[in-house]
Amino acid sequence: KKLDYEKVAEQMKAEYAQMSGVNFKGHTVKNINGYEYMKFSVEVDMMGIKFNMDQYAYFTKTKNYVITFTMLGDTGAQAKADFEKALATFVYDEE
């Protein structure tokens, strides 16, 4: 059965809305190395310091994997690209 990404996004948006200092910026579905990831983007303000966080969620029949990339402000575009290159090397033990 195919996962309803829009329902998951609405649930995550509601969860993030309950967290102080967290702003849900959106979601996309991204194929990386044959795996379909749901990518959530949030901005976190922790004691006046802003972080951008991308969470890549991969769902199998029995497990949910969440891999997180965090950067200070809007810096680190090259680091984000390097992160996705590293993520492309991941292999999961089930589909």
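**Exercise 1.** Is tyrosine 35 buried or exposed?

*Solution.* Start with the ground rules: this is a predicted model, where local features need pLDDT of at least 70, side-chain atom pairs count only at pLDDT 80 or more, and totals for chains, interfaces and linings use all residues. Numbering runs from 1 along each chain as its sequence is written, and side-chain values use heavy atoms, with hydrogens and water left out.

Now the cut-offs: buried means under 20% relative accessible area, exposed over 50%, partly exposed in between (1.4 Å probe, protein chains only). Tyrosine 35 comes out at 9%, so it's buried.

**Exercise 2.** Classify the aromatic pair of tyrosine 35 and tyrosine 58.

*Solution.* Rings of Phe, Tyr and Trp (its six-membered ring) pair if their centres lie within 6.5 Å; planes under 30 degrees apart are stacked, over 60 edge-to-face, the rest tilted. Here we've got 5.0 Å centre to centre and 75° between the planes, hence edge-to-face. The pair links distant parts of the chain, with tyrosine 35 in strand 2 and tyrosine 58 in strand 3, 23 residues apart. (Strands are DSSP runs of E, at least two residues; helices are runs of H or I, at least four; both are numbered from the N terminus.)

**Exercise 3.** Do the same for tyrosine 37 and tyrosine 58.

*Solution.* Tyrosine 58 is buried at 5% relative accessible area. Its ring centre and that of tyrosine 37 are 5.8 Å apart with the planes at 50°, so this pair is tilted. Tyrosine 37 is buried too, at 0%. Finally, zoom out: both belong to one aromatic cluster, whose members include Tyr35, Phe69 and Phe83.
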